[in-house]
Every structure is written in C-alpha cells, then in structure tokens.
Amino acid sequence: MLIEIDFQSDEAIYMQLRNQIILGIATSVIREGDPLPSVRQLAGDIGINMHTVNKAYSVLRQEGFVTIDRRKGAVIALDANKLQAVAELREQLRVLLAKSICKQISRQEVHEMVDEIYSSLLDRASYDD
C-alpha cells in the first residue's frame, strides 16, 4: 500500500494517514485480516515521527477499523456494528451538508458528487480484485 503524505497540507499528518488507510480498505487495496506495517517501519518509510503513526493507528482502532495486538501489531479488523457506523456517518453528513448549504451547493450537486465518489470507490475496489 502506497501512503503519500502532503507535508504542505493544513490537515494533520495522522489524519492524512488515517484517511489513506480507510480509502485502502474501501477500495480493497487492504483487506480484513491484513496486517499494517509496524509503527517504526511505517514512520521510517514515510519519514514521519513514530508517535504520529501511533496516533493514526489509535484513531483507527477507536473507529473500529483495526485491532492492535502486542504480537501481531495493527491488523485490519472492521467493526461489525453497522448501526453505530450509520449513526456516526449521519452526524458527519449533517455537518457536511450544512456547510454545502452555506456555500450554496445544490442538493443535485451533492447527489452527483456522492454518486461519483461512491462509484469511483467501488470501481477501484473491483479493479483491484
């Protein structure tokens, strides 16, 4: 899995790392049961602090994307609690949609973006199979 960090971005590095791992899961680049690189290895490969990788892995664990085992390290283990995931997504979408209303982005434009992004993620997942 290729991780690319934009050091010029305003987004925190640990969040960029978290987001790229989630995108990797969504597109089947990494799958349930796959181990992630050790904190030390990934930090060295990317050129970032080990604490930053550790924070990203901790957030992924809290969000139900990985389990952390002292012997195996971080392993992709998707949380089976769909109801909780739906509730969290609903709250995040509520804020995003409020922002879009403030910026006068139409419902149609939002629907088109959602369809486009969802399709592109599914296409990437099937392409990688």
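**Exercise 1. The nonpolar core**

Find the residues that touch the most other members of the largest nonpolar core in this predicted model, and work out which elements supply that core.

*Solution.* Step one: pick out the hubs. The largest nonpolar core holds 18 residues, and Leu17, Ile21, Leu36 and Tyr57 are the ones that touch the most other members.

Step two: see where the core comes from. At least two residues each are supplied by α1, α2 (39–46), α3 (50–62) and β2 (73–76). The largest share goes to α3, with four residues.

Step three: zoom in on one hub. Skip the neighbours within four places in sequence, and Leu36 is in contact with Ile21, Ile30, Tyr57, Val66, Ala74 and Ile76.

Step four: put it in context. In soluble globular proteins, nonpolar side chains tend to be buried together.

**Exercise 2. Leu42 and its surroundings**

Is Leu42 buried or exposed, and which residues is Leu42 in contact with once its neighbours within four places in sequence are left aside?

*Solution.* Start with the location: Leu42 sits in helix α2. Next, check its accessibility. The relative accessible area of Leu42 is 6%, and the cut-off for buried is under 20%, so Leu42 counts as buried.

Now list the partners. With those sequence neighbours set aside, Leu42 is in contact with Ile3, Leu17, Pro37, Val53 and Tyr57. Two of these names should ring a bell, since Leu17 and Tyr57 turned up among the core hubs.

To finish, try a distance in your viewer. From Leu42 to Ser106 you should get 41 Å, C-alpha to C-alpha, for a pair 64 residues apart in sequence.

**Exercise 3. Salt bridges**

How many salt bridges are there, and what does the Glu63 pair tie together?

*Solution.* First, the count: there are two salt bridges.

Take Glu63 and Arg18. Their closest N and O atoms are 2.8 Å apart. Glu63 is in the loop between α3 and β1 (66–69), while Arg18 is in helix α1, so this salt bridge ties together parts that are 45 residues apart in sequence. Then look at the accessibility of each partner: Glu63 is partly exposed at 28%, whereas Arg18 is buried at 14%.

Now the other pair, Arg94 and Glu91, with closest N and O atoms 3.4 Å apart. Here both residues are in helix α4, three residues apart, or about one turn of the helix. Glu91 is partly exposed, with a relative accessible area of 44%.

**Exercise 4. Two pockets**

Which residues lie nearest the centre of the largest pocket, and which element gives the most to the lining of the largest pocket?

*Solution.* Begin with the space: the largest pocket has about 1,700 Å³. Its lining has 31 residues, and nearest the centre are Ile22, Phe65, Leu89, Gln92 and Leu121.

Sort the lining by element. α1 (13–26), α4 (82–102) and α5 (107–128) each put in at least two residues, and α4 gives the most, with 10. Sort the same lining by chemistry and you get 19 nonpolar, seven polar and five charged residues.

Then turn to the second largest pocket, with about 180 Å³ of space. Its lining is Val86, Leu89, Arg90, Leu93, Arg94 and Leu97, or four nonpolar, no polar and two charged residues. Arg94 is the residue that forms the salt bridge with Glu91.

**Exercise 5. Positive phi**

Where are Ser28 and Gln104, and is each of them buried or exposed?

*Solution.* Take Ser28 to begin with. Its phi is near 65 degrees, a positive value in a residue other than glycine. Ser28 belongs to the loop between α1 and α2, and at 18% relative accessible area it is buried.

Then Gln104, with a positive phi near 60 degrees, again in a residue other than glycine. Gln104 is placed in the loop between α4 and α5, and its relative accessibility of 71% makes it exposed.

**Exercise 6. The whole chain**

What pattern does the protein follow along the sequence, and what part of its residues is buried?

*Solution.* Count the elements: five helices and two strands. In sequence order they read α-α-α-β-β-α-α. Buried residues are 22% of the 129 in the protein.

Next, the contacts. Of those with a separation of 6 or more, 51% join residues 24 or more positions apart. Finally, the C-alpha atoms fill a box of roughly 50 × 35 × 30 Å along the principal axes.

Key
Residues are numbered from 1 along each chain as its sequence is written. This is a predicted model: local features need pLDDT of at least 70, side-chain atom pairs count only at pLDDT 80 or more; totals for chains, interfaces and linings use all residues. Side-chain values use heavy atoms; hydrogens and water are left out. On a 1 Å grid over the protein atoms alone, a cavity is a set of points where a 1.4 Å probe fits but cannot get out, and a pocket is an open set with protein on both sides within 12 Å along at least five of seven lines; lining residues have an atom within 4 Å of a point. Grid points are joined across faces, edges and corners, and a volume is the space filled by probe spheres set on the points. Ala, Val, Leu, Ile, Met, Phe, Trp, Tyr, Cys and Pro count as nonpolar, Asp, Glu, Lys and Arg as charged, and the others, Gly among them, as polar. A nonpolar core is a set of buried Ala, Val, Leu, Ile, Met, Phe, Trp, Tyr and Cys residues joined through side-chain atoms within 4.5 Å. Buried means under 20% relative accessible area, exposed over 50%, partly exposed in between (1.4 Å probe, protein chains only). Contact means heavy atoms within 4.5 Å. A salt bridge is a side-chain nitrogen of Lys or Arg within 4 Å of a carboxyl oxygen of Asp or Glu.
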